[in-house]
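User: I'm new to this one. Could you take a close look at a single part for me, the hollow spaces and what lines them?

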Amino acid sequence: MQSLRMIENWPVPTAAAAVVRADGTVAGTCGPLEHRFPLASVTKPLAAYAALLAVEEGAVELDEPAGPEGATVRHLLAHTSGLAFDEQRTMAEPGTRRLYSNTGFEALGDHIAKATDIPFAQYLHEAVLEPLGMTATELPGSPAKDGVSTVADLIRFAAELQAPRLLAPQTLAEATSVAYPGVTGVLPGYGHQKPNDWGLGFEIRDGKSPHWTGASSSPRTFGHFGQSGTFLWVDPDARAACVALTDRAFGPWAIEAWPVLTDAVLAELG
């Protein structure tokens with residue numbers, strides 16, 4: 001895809017990207033596909049997928065208590081547990097505000113590790129990475145932000161997100177629909193959003209403005225971006241997904257470049 005060549009002009013040391021169609025075929029790639037990049041918060045959709053598999057296996061339930069008092073697994077996945085961004089402090093009643101929280105995802109990982117008696121990184125590997133053949137991906141630390149992966153591996157995950165083999169389709173549909181509609185909050189890097197819609201581990205585009213996806217992205221688009229200059233989106237209406245990994249921290253360059261790339265990709269897909 002010619003549109004992906006735009007990443008060659010990004011002000012980053014290294015970048016790689018790919019577009020994956022809903023049938024799992026690769027529409028185009030650019031850059032070093034086997035280069036391992038820190039994912040930052042693009043780790044969260046992988047962690048969420050493992051959590052959803054734990055739900056399907058019966059190890060945990062979405063509405064069982066987890067995290068701060070009154071919160072559940074569902075609250076942790078949807079960033080509505082009330083936990084602060086990066087500290088063990090409760091800022092709100094569960095379900096009332098969208099407080100984007102690394103601490104919440106770490107609590108989620110701890111909860112699943114206790115329920116399964118398997119360290120969370122190992123559970124993620126056995127439940128998600130190994131079955132999908134994501135051999136270059138690992139989680140050496142926090143399930144909120146410490147994943148490392150390649151575009152080649154995330155192509156496999158992007159295909160799974162469009163035609164799930166590991167999860168029941170209805171489980172993924174719930175995870176990529178709005179949880180706790182109407183809740184307001186801050187989208188990191190983009191300011192206060194009303195509403196600030198999220199699913200279970202996935203941010204949902206809806207009518208957010210400004211946003212890291214494109215002006216032509218459908219409201220149903222879901223995904224995540226990371227502070228290490230990474231993103232993964234799936235646009236069900238376009239029947240395609242796009243992943244881009246870089247080694248430059250998120251900032252004004254990304255706010256400018258990412259939507260332009262997304263709109264160019266969607267235009268080329270037609």
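Analyst: Here is a walk through the pockets, the cavity and a helix that belongs to the story.

A bit of background comes before that. This is a predicted model, where local features need pLDDT of at least 70 and side-chain atom pairs count only at pLDDT 80 or more, while totals for chains, interfaces and linings use all residues. Residues are numbered from 1 along each chain as its sequence is written, and side-chain values use heavy atoms, with hydrogens and water left out.

Let's start with the largest pocket, which has a volume of about 320 Å³. (A pocket is an open set of points on a 1 Å grid over the protein atoms alone, with protein on both sides within 12 Å along at least five of seven lines; a cavity is a set of points where a 1.4 Å probe fits but cannot get out; lining residues have an atom within 4 Å of a point. A volume is the space filled by probe spheres set on the points, which are joined across faces, edges and corners.) The largest pocket has 17 lining residues, and nearest its centre lie Ala173, Thr176, Arg220, Phe222 and Pro236. Its lining splits into eleven nonpolar, three polar and three charged residues. (Ala, Val, Leu, Ile, Met, Phe, Trp, Tyr, Cys and Pro count as nonpolar, Asp, Glu, Lys and Arg as charged, and the others, Gly among them, as polar.)

Helix 5 (151–162) and helix 6 (169–175) each give at least two residues to that lining, and helix 6 has the largest share, with three. (Helices are DSSP runs of H or I with at least four residues, strands are runs of E with at least two, and both are numbered from the N terminus.) Helix 5 is worth a pause: eleven of its twelve residues are buried, so it is largely enclosed by the rest of the structure. (Buried means under 20% relative accessible area with a 1.4 Å probe, protein chains only.) Among those buried residues are Val151, Phe157 and Leu161.

Leu161 turns up again in the lining of the largest cavity, along with Pro45, Phe202, Phe222, Gly223, His224, Leu232 and Val234. Strand 8 and strand 9 (230–235) are the elements that give two or more residues to this lining, and strand 8 gives the most, with three. The cavity has a volume of about 30 Å³, and its lining has six nonpolar, two polar and no charged residues. Phe222 is a nice link here, as this residue also lies among those nearest the centre of the largest pocket.

Notes:
Buried means under 20% relative accessible area, exposed over 50%, partly exposed in between (1.4 Å probe, protein chains only).
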